[in-house]
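Grab a pencil and have a go at the exercises below. Try each one yourself before you read on to the worked solution.

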Amino acid sequence: MDYLIWCATSLIIFLSFFYVYAKYRLSYWSKRGVKTLPTHLLFGNFKDCLTLNKPPAEILREIYNSADPDDPYIGFYIFHKPLLLLRDHDLIKQIMNKDFDVFPNRRFGSGLERDTVNLDSILSMKQPRWRYVRNKLTPVLTGQKLKNMISLMTDCGKVMLNFIEKLPTDKTGQKKWEVKDLGSRYSADVLASLTFGVGVNSFDEKENTFWENGVTIFRGFMRNIVFIILFFIPEWDFLIAPFIKKPANYFRNIFWDAMNTREQLAFKRGDMIDSMLALKNGEQNPIYSKEHVSRG
């Protein structure tokens, strides 16, 4: 009996402390005069996302639309972490350009500054490494070089169109195929061509290994796990590694095989591999670039 009383008392004390803590954390924006939507005591503004009732984009749209038309920003919470959604274009431009040194890092990204296949990602890097890598990438990723890659994308499009033309017709004379599947296969071909420097045909069941490995990461239950970690708790991205080890190694091997082969043959294709080689062989700062030039 005493044990049950002790447990009940401990639970009440814990819940009381949690309630006070949560209310304090969720008062961050109100204390600063920033408008917010009603928040869940535990999940902030993303309860429906964590329960898989709504995608995060829809919740962000609802937060955006809940503000008055002239509001330059609106506050929201991911769990108890306060974030600010900017609505005014001039304010966004000021923060992204003029005041970049004050707001250099992105909220949504890997805590280890890597992407979902464990490769370095500029989208997740923090200062000062981000500025160093961005300055290195700028001259090798010019607008003209990006335009030159359009022909490679067009080639992938021709493969997709050829696949569509060969689809069988039903009794009504129509050709039917899942649009999402078509898009994912085309995207896989473009990524393989531009980013990994290899030609694949994801529309051919005998050559779609690249697409299948991508699907392993970005579809189904695995996709939900990866998304929840990267969106809500990016600091815990190390938990993703065991789930995607096999496809991650597959993509990593393709990338470095393409880099090494291209470097040995001194062959240029006008894709991202050419740009990465220019970055790799340029002047390096060993403090920031060690992981970029080694296979690790």
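Here are four short exercises on this chain, which is a predicted model.

**Exercise 1. Getting your bearings**

Task: Find out how many helices and strands the protein chain has, and what share of its residues is buried.

Solution:
- Start with the elements: the chain holds 13 helices and 2 strands.
- Next, look at burial. Of the 296 residues, 33% are buried.
- Now check the outside: about 18900 Å² is exposed, and carbon and sulfur atoms supply 61% of that area.
- Finish with the contacts. Take those with a separation of 6 or more: 54% of them link residues 24 or more positions apart.

**Exercise 2. A closer look at S202**

Task: Work out where S202 sits, and decide whether S202 is buried or exposed.

Solution:
- First, place the residue: S202 belongs to the loop between α8 (179-194) and α9 (209-218).
- Then check its accessibility. Buried means under 20% relative accessible area, and S202 counts as buried because its value is 0%.
- Now see what surrounds S202. Skipping neighbours within four places in sequence, its contacts are R185, A188, D189, N208 and W211.
- One of these deserves a second look: the side chains of S202 and D189 share a polar contact of 2.6 Å.

**Exercise 3. Into the nonpolar core**

Task: Identify which elements give two or more residues to the largest nonpolar core.

Solution:
- Begin with the core itself. The largest one has 22 residues, and L137, F196, F210, F255, M259 and I273 have the most contacts inside it.
- Then trace the elements: α5 (129-137), α8, α9, α11 (241-265) and α12 (272-281) each give two or more residues.
- The largest share is from α11, with 6 residues.
- Zoom in on I273. Leaving out residues up to four places away in sequence, I273 touches L194, T195, F196, G197, F255, A258, M259 and R262.
- There is also another core, lying apart from this one, with 12 residues, including I59, A67, I74 and F231.

**Exercise 4. Out on the surface**

Task: Say which helix Y3 is in, and why Y3 counts as exposed.

Solution:
- Locate the residue: Y3 is in helix α1, which covers residues 2-25.
- Compare its value with the cut-off. Exposed means over 50% relative accessible area, so Y3, at 57%, is exposed.
- Last, look at its partners: Y3, L4 and W6 form a nonpolar surface patch, and together they have about 420 Å² of accessible area.

Technical notes. Residues are numbered from 1 along each chain as its sequence is written. This is a predicted model: local features need pLDDT of at least 70, side-chain atom pairs count only at pLDDT 80 or more; totals for chains, interfaces and linings use all residues. Side-chain values use heavy atoms; hydrogens and water are left out. Helices (H or I, at least four residues) and strands (E, at least two) are DSSP runs, numbered from the N terminus. Buried means under 20% relative accessible area, exposed over 50%, partly exposed in between (1.4 Å probe, protein chains only). A polar contact is a pair of N or O atoms within 3.5 Å; within protein, one must be able to donate a hydrogen and the other to accept it, and residues adjacent in sequence count only if both atoms are side-chain atoms. Contact means heavy atoms within 4.5 Å. Accessible areas come from the Shrake-Rupley method with a 1.4 Å probe; for residues, only the protein chains shown count as cover. A nonpolar core is a set of buried Ala, Val, Leu, Ile, Met, Phe, Trp, Tyr and Cys residues joined through side-chain atoms within 4.5 Å. Patches are made of residues with over 30% relative accessible area and no salt bridge: like charges are joined within 9 Å, nonpolar side chains (Val, Leu, Ile, Met, Phe, Trp, Tyr) within 5 Å. A salt bridge is a side-chain nitrogen of Lys or Arg within 4 Å of a carboxyl oxygen of Asp or Glu.
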